[in-house]
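Please look through the sequence and the model below before reading on. The report then starts from a single residue and widens step by step to the chain as a whole.

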Amino acid sequence: RNRYNGTEVGRPDNAVAAILYPYSRYYNLVGNVLGESGFHQSYQESPTAHPSRPVYMVGTGASDVPDDPLTVTSTFRWGNYDTVNAAALFDAAEVPSGLSQYANPVPASNALPASFYLNAKPTWWGVMPWPAAGPDVTGGDLAGVGGHAYQIPAEVCFSTVMGGPADGTGAPRTFSAASCY
């Protein structure tokens, strides 16, 4: 469960939320919030399709690296909210269930756990909404993702305690866990 907007300050073009380069195989992208409303214009760039401003770039090479269609077919995508479709996709075609090695069955449910790592919200997370991002999150405070993501404690610390600008630019700040948590 992550929030990847795929944009960078000072790089208005060529920004992708999820990039898997050629020979990046057997990746899992599950329960994420991807893209930026009004910026990303297409779902995926792949070895067979090259649209502008995609949310995903999967297996697309460059002048010295060939395209890799196996990157696309070995990647497990499930329950990711993207701003192009403005919906979470639970698409069986994006589950590598037909592979001879490392095949995954199509999940029987669209329910996602609050975390794929922790059993419960950590105490240092405080009163902030948990989980912070996901297709099932509503009312989030981050713009451009349909309410599916909140700020995380580190972001709140950076902007309110450390005085950093919301876009992450400016001089480096000194972090103090005691001040933030």
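## A residue and its surroundings

In this predicted model, Thr 75 touches Leu 20, Tyr 27, Leu 29, Val 58, Glu 94 and Pro 96, when residues up to four places away in sequence are not counted. Thr 75 itself sits in the loop between α1 (69–74) and β7 (76–78), and the side chain of Thr 75 reaches the backbone oxygen of Thr 71 at 2.5 Å.

Is Thr 75 buried or exposed? Its relative accessible area is 2%, and because buried means under 20%, Thr 75 counts as buried.

## The largest nonpolar core

Three of the residues that Thr 75 touches, Leu 20, Leu 29 and Val 58, belong to the largest nonpolar core, which has nine residues in all and also includes Ala 17, Ala 18, Leu 34, Tyr 43, Val 55 and Tyr 56. The elements that give two or more residues to this core are β2 and β6, and the largest share, three residues, comes from β6. In soluble globular proteins, nonpolar side chains tend to be buried together.

Val 55, one of the core residues, shows how such a residue can be surrounded by others: leaving aside its neighbours within four places in sequence, Val 55 is in contact with Val 16, Ala 17, Ala 18, Leu 34, His 40, Ser 42, Tyr 43, Asp 82, Thr 83 and Val 84. Apart from this core lies another one, of six residues, among them Val 33, Leu 142, Val 145 and Ala 149.

## Two open sheets

How are the strands of the three-stranded sheet ordered? This open sheet runs in the order β2-β6-β5, and the pairing is parallel, with β2 (18–20) and β5 (42–45) as the edge strands, each of which pairs on one side only. Neighbouring strands of this sheet are turned by 15 degrees against each other on average, with direction ignored. Strand β6 (residues 54–58) pairs with β5 in the parallel sense over three bridges, and Glu 45 stands opposite Met 57 in β6.

Another open sheet has four strands in the order β1-β4-β8-β9, and here the pairing is mixed; the edge strands are β1 (3–4) and β9 (87–89), each pairing on one side only. Within this sheet, strand β4 (residues 33–34) and strand β8 (residues 80–82) pair in the parallel sense over two bridges, where Leu 34 stands opposite Asp 82 in β8. Strands of a sheet pair through backbone hydrogen bonds, either parallel or antiparallel.

## One disulfide

A search of the whole structure finds one disulfide, formed by Cys 157 and Cys 180, whose sulfur atoms are 1.5 Å apart. Cys 157 lies in helix α2 (residues 153–161) and Cys 180 in helix α3 (residues 177–180), so the pair ties together parts that are 23 residues apart in sequence. Both partners are buried, Cys 157 at 2% relative accessibility and Cys 180 with a relative accessible area of 18%.

## The chain as a whole

The chain holds three helices and nine strands, which follow one another along the sequence in the pattern β-β-β-β-β-β-α-β-β-β-α-α. Taken along the principal axes, the C-alpha atoms fill a box of roughly 50 × 40 × 25 Å.

Of the 181 residues in the chain, 39% are buried. Among contacts with a separation of 6 or more, 54% join residues that are 24 or more positions apart.

Technical notes
Residues are numbered from 1 along each chain as its sequence is written. This is a predicted model: local features need pLDDT of at least 70, side-chain atom pairs count only at pLDDT 80 or more; totals for chains, interfaces and linings use all residues. Side-chain values use heavy atoms; hydrogens and water are left out. A disulfide is a pair of cysteine sulfur atoms within 2.5 Å. Buried means under 20% relative accessible area, exposed over 50%, partly exposed in between (1.4 Å probe, protein chains only). Two strands pair if DSSP finds at least two bridges between them. Axes are lines fitted to C-alpha atoms, for helices over the stretch in contact, and angles run from 0 to 180 degrees between N-to-C directions. A polar contact is a pair of N or O atoms within 3.5 Å; within protein, one must be able to donate a hydrogen and the other to accept it, and residues adjacent in sequence count only if both atoms are side-chain atoms. Contact means heavy atoms within 4.5 Å. A nonpolar core is a set of buried Ala, Val, Leu, Ile, Met, Phe, Trp, Tyr and Cys residues joined through side-chain atoms within 4.5 Å.
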